[in-house]
Amino acid sequence: MSDATTKPRGGIGRIVGASLIGTTIEWYDFFLYGSAAALVFNTLFFPTADPLVGTLIAFITYAIGFVARPLGGVVFGHFGDKIGRKKLLVVSLLMMGGATFAMGLLPTYDTIGIGAPILLTVLRLVQGFALGGEWGGAVLIVSEHGGDKHRGFWASWPQAGAPGGNLLATGVLALLAAFQSEAAFQSWGWRVPFLLSGVLVVIGLWIRVSVSESPVFLAAQAKAEAAAARGVKETPPVVEVFRRSWREVLSAIGTRFGENISYYILTSFLLVYVTVHLELGKSTALNAVLIGSAVHFVTIPLWGALSDRVGRRPVTLIGSVGMAVWAFAFFGLVDSKSFVVITLAVTAGLLLHGAMYGPQAAFISEMFDTKVRYSGASMGSQLASIVAGALAPIIAVELLKDFDSSLPVSLYLSAAAVVTTITVAVTRETRGRDLRRDLTGETTEQAAEPAVKVADRA
């Protein structure tokens, strides 16, 4: 490759910054719904006599967003593998931001009745569809710009967008809760964070459109064009993934399983547990998650950097094995009702989650070839979101409602971490893989040479 193709416009730092800001905004939008579902949506959109039942219904619509994510992963993955990562990242940011902004304008159940939860659910589906396409594109454009040696570190920065978005969403809600009365927050204050999304999206788009396309993708695209010129019919990326890379898809699902469940129990379900079960103020849980998310944000890239030194598998196993044990200590500490102890419990849990999450972007990206990487990574990641993240708060709330105890939730969390441990233990190490090389052993540059020569002759 020439220097012109290997060096992204503005350098790797600019690429990482654009991905991080974009993913932070999209996760802000997505997590904002989860926090609102635990705090206000149960009464504003799903009013019932039992607070836990209303919360359960709110979390069911929360889960619907996850159901749309694999579809978003398939659609965005297909076009991302065909026309590029950058264009699809712009589309996903616009869709997510538009849906979140619209949520801030919705009338409540008291105003229009059943129409309110229906409209909320439709917008949640749009959010899920957009996020399903965001993750794969954001981590791939960084992974494919960065070199093999430090890929774990660079690719972990878009991962930090998840706690960054949660930090932003929780911070705004905590600020409003601190300076508003309960009545004002319930009446109109909850709308402010949703409307703020419109401003954030404008900032994100301004930064995201300025970056260059992945050089690895451009080389693969040249290869595809050369093959098309010779009359070779290309198989759709989704079909190719299931035909050649279904084992990798399963590995990606298992790798994400414990990570996904643990995150939503440590953050979204915690808000319900502290406010409804322990009957503490919402600021206790919000501030604990806020502090834990700040530490999480800083340490995710450190775990990614460690995976560049010792491998993706060992670092992920630190997190999954640790989480399987911590699941039993976590609720015992939270039950102390001490803000300091609750904060320590959340922070320690998120540190272990970060060990699974930090190396994950590079780990999953390295499992797939360039021409199906967006599709494969997105499908594996987003299918896991249905069986893991989507159901985690619902299952946890139902367990708490049925048993009035945190022990079943601890068992559920620990079992999820064991699934990830077993998956990673049997998955081969990917650290150092050349992303330009496909399963035939041929690099995308070598395969693209005929296309360059044909273009020169033309």
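**Figure 1. The loop that holds D404, between α20 (392-403) and α21 (407-426), in the predicted model.** D404 sits in this loop and has a positive phi of about 50 degrees although it is not a glycine. Most residues other than glycine have a negative phi. With a relative accessibility of 56%, above the 50% limit used here, D404 counts as exposed. A second view takes in E279, which belongs to the loop between α14 and α15 (282-310). The phi of E279 is near 55 degrees, again a positive value in a residue other than glycine, and E279 is exposed, with a relative accessible area of 68%.

**Figure 2. Salt bridges that share partners join E240, R243, R244, D369 and R433 into one network.** The structure holds 9 salt bridges, and those of this network are shown with their closest nitrogen and oxygen atoms. R243 pairs with E240 at 2.9 Å; because the two residues are 3 apart in helix α13 (residues 237-244), they are separated by about one helical turn. R243 counts as exposed at 54% relative accessibility, whereas E240 is buried at 5%. The side chains of R244 and D369 meet in a salt bridge of 3.7 Å, N to O. Since R244 lies in helix α13 and D369 in the loop between α18 (360-365) and α19 (370-390), this pair ties together parts that are 125 residues apart in sequence. R244 is partly exposed, with a relative accessibility of 33%, while D369 is buried at 5%. D369 also forms a salt bridge with R433, with the closest N and O atoms 2.7 Å apart, and this pair links the loop between α18 and α19 to the loop between α21 and α22 (444-457), 64 residues away. R433 is buried, with a relative accessible area of 15%.

**Figure 3. F269 and its surroundings in the largest nonpolar core.** This core has 116 residues, of which F41, F45, I261, Y264, I265, F269 and V334 touch the most other members. Helix α14 (residues 246-277) supplies the largest share of the core, 15 residues. Leaving aside neighbours within four places in sequence, F269 is in contact with Y264, F331, P393, A396, V397, L400 and V409. A second, separate core of 9 residues includes V16, A18, I207 and V211. In soluble globular proteins, nonpolar side chains tend to be buried together.

**Figure 4. Two buried charged residues, R256 in helix α14 and E134 in helix α7.** R256 has a relative accessible area of 1%, and its side chain makes a polar contact of 3.2 Å with the side chain of E259. Not counting residues up to four places away in sequence, R256 touches R69, Y357, Q360, I364, S381, Q382, A384 and T420. E134 likewise counts as buried, at 1% relative accessibility; outside its neighbours within four places in sequence, E134 is in contact with G22, T23, E26, L89, S92 and R208.

**Figure 5. A nonpolar patch on the surface, formed by Y109, I114, I118 and V122.** Together these four residues have about 380 Å² of accessible area. V122 is found in helix α7 (residues 115-145) and counts as partly exposed, with a relative accessibility of 44%.

Note on methods. Residues numbered from 1 in each chain as written. Predicted model: local features only at pLDDT ≥ 70, side-chain atom pairs only at ≥ 80, totals over all residues. Heavy atoms only, no water. Patch = residues over 30% accessible without salt bridge, like charges linked within 9 Å, V, L, I, M, F, W, Y side chains within 5 Å. Areas by Shrake-Rupley, 256 points an atom, 1.4 Å probe, with all protein chains shown as cover. Helix = DSSP H or I, 4+ residues; strand = E, 2+ residues; numbered from the N terminus. Buried < 20%, exposed > 50% of the residue type's maximum accessible area, 1.4 Å probe, protein only. Core = buried A, V, L, I, M, F, W, Y, C linked by side-chain atoms within 4.5 Å. Contact = heavy atoms within 4.5 Å. Polar contact = N/O pair within 3.5 Å; in protein donor to acceptor, adjacent residues only side chain to side chain.
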